[in-house]
Amino acid sequence: MIDTADAAPEYDDEAIRFLEALWGDGYLSPGGPDEVDRVVEGLDLRGKTILDIGCGSGGITLHLVEKHNAAHATGFDVELPVIEAARLRARKRSLSDRAIFVHAAPGPLPFADGTFDMVFSKDALLHVPDKDALFAEIFRVLKPGGVFAASNWMIGHDNEPSPDMKAYVAAEGLSFAMASPVRYAAAMKRAGFEDVETRDRNPWYRDVARRELEQLKGPLYDKVAAAVGAPYVDKNIKTWEAMQKVLDSGEHRPTHLRGWKPLK
């Protein structure tokens, strides 16, 4: 998927501390458990087996077990620091028998065909450049009748990004491979998914990100600076300011995705 096997982790211990201070214990993407619940709204996960792609430090994977009563959840990530944090979190919450965390190099998913009832992902798929290969793999590891449900950061078009978008991606300094909701939906359909749905979350995150920026500049500044240092916070304030521009313009389009693998 992404050829970063020899690269330094993008989400190291410092990044984990910063994002969890902003978004909550175990969460490396916005919205916390409430937004996870919106992604899986209307789905019955009781007794199901779930794969969480890009699981980060494990908060979401454990939430799917604790809150939604999944029988078993597997968190998968290509970065070792977040997997180590997730494993520790599962042990502390006595959930290691119902949630495991797998680290592997980028590439085909290290799971057999038809393993999972559901594949979930929260704001991680933007790191994968080849969307067709990504969804072919997701489709492969799902059981017939299984569902894919995700949230992901996207761009509102598939043309040349605006200068503001380029500035934002540069400020993030991460391996973003953004694509439009239209391109994601088309890749899902080519993989074989049916009843593909997209739901725009830009209006929601546009307002949330503005509040996050206000918190970083104000009441959260000292707390987060104590965890990661003031220069790191100052850098991320600039990143949030750049992100707010493309959220306000509508070019940055967080979006929910859903699709089903046919029974036959």
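The exercises below work through helices, single residues and empty spaces of one predicted model.

Residues are numbered from 1 along each chain as its sequence is written, and side-chain values use heavy atoms, with hydrogens and water left out. As the model is predicted, local features need pLDDT of at least 70 and side-chain atom pairs count only at pLDDT 80 or more, while totals for chains, interfaces and linings use all residues.

**Exercise 1. Helix H7**

Task: Work out which residues of helix H7 are buried, and what they pack against.

Solution: Begin with the terms: helices (H or I, at least four residues) and strands (E, at least two) are DSSP runs numbered from the N terminus, and a residue is buried under 20% relative accessible area, exposed over 50%, and partly exposed in between, with a 1.4 Å probe and protein chains only. H7 spans residues 181-191, and Pro181, Tyr184, Ala185, Ala187 and Met188 are its buried residues. They lie on the same side of H7 because they cover an arc of only 160° around the axis, the arc being that of the directions from the helix axis to the C-beta atoms. An α-helix has 3.6 residues a turn, so residues three or four places apart point the same way. On the other side of H7, Val182, Lys189 and Arg190 are exposed.

The next step is to find the partners, where contact means heavy atoms within 4.5 Å. The buried residues of H7 pack against helix H5 (131-141) and against strands S5 (142-152), S6 (194-200) and S7 (255-260). Just after H7, Gly192 takes a positive phi of about 120°.

**Exercise 2. Helix H5**

Task: Describe the buried residues of H5, their partners, and the polar contact at the start of the helix.

Solution: The buried residues of H5 are Lys131, Leu134, Phe135, Glu137, Ile138, Phe139 and Val141. They pack against strand S1 (49-53), strand S4 (116-122), S5, H7 and S7. For the last step, a polar contact is a pair of N or O atoms within 3.5 Å; within protein, one must be able to donate a hydrogen and the other to accept it, and residues adjacent in sequence count only if both atoms are side-chain atoms. At the start of H5, a side-chain oxygen of Asp130 reaches to within 3.2 Å of the backbone nitrogen of Asp132.

**Exercise 3. Distance in sequence and in space**

Task: Set Glu14 and Ser249 each against Ala227, in sequence and in space.

Solution: Glu14 belongs to helix H1 (residues 13-23) and is partly exposed, at a relative accessible area of 27%. From Glu14 to Ala227 there are 213 residues in sequence, yet their C-alpha atoms are 8.1 Å apart in space. Leaving aside neighbours within four places in sequence, Glu14 is in contact with Val228 and Tyr232.

Ser249 belongs to helix H10 (residues 230-249) and counts as exposed because its relative accessibility is 53%. Ser249 and Ala227 are 22 residues apart in sequence, but 32 Å apart from C-alpha to C-alpha. The side chain of Ser249 reaches the backbone nitrogen of Glu251 at 3.3 Å.

**Exercise 4. His63**

Task: Decide whether His63 is buried or exposed, and identify what it touches.

Solution: His63 sits in helix H3 (residues 59-66), and with a relative accessible area of 11% it is buried. Not counting residues up to four places away in sequence, His63 touches Tyr27, Pro33, Val36, Asp37 and His68. With Asp37 there is also a polar contact of 2.7 Å between the side chains.

**Exercise 5. Empty space**

Task: Describe the largest cavity by its volume and its lining.

Solution: On a 1 Å grid over the protein atoms alone, a cavity is a set of points where a 1.4 Å probe fits but cannot get out, and lining residues have an atom within 4 Å of a point. Grid points are joined across faces, edges and corners, and a volume is the space filled by probe spheres set on the points. The count comes to one cavity of 30 Å³ or more, and about 30 Å³ of space lies in the largest cavity. Its lining is made by Pro30, Glu35, Asp123, Ser151, Trp153, Arg201, Trp204 and Pro254.

Key
On a 1 Å grid over the protein atoms alone, a cavity is a set of points where a 1.4 Å probe fits but cannot get out, and a pocket is an open set with protein on both sides within 12 Å along at least five of seven lines; lining residues have an atom within 4 Å of a point.
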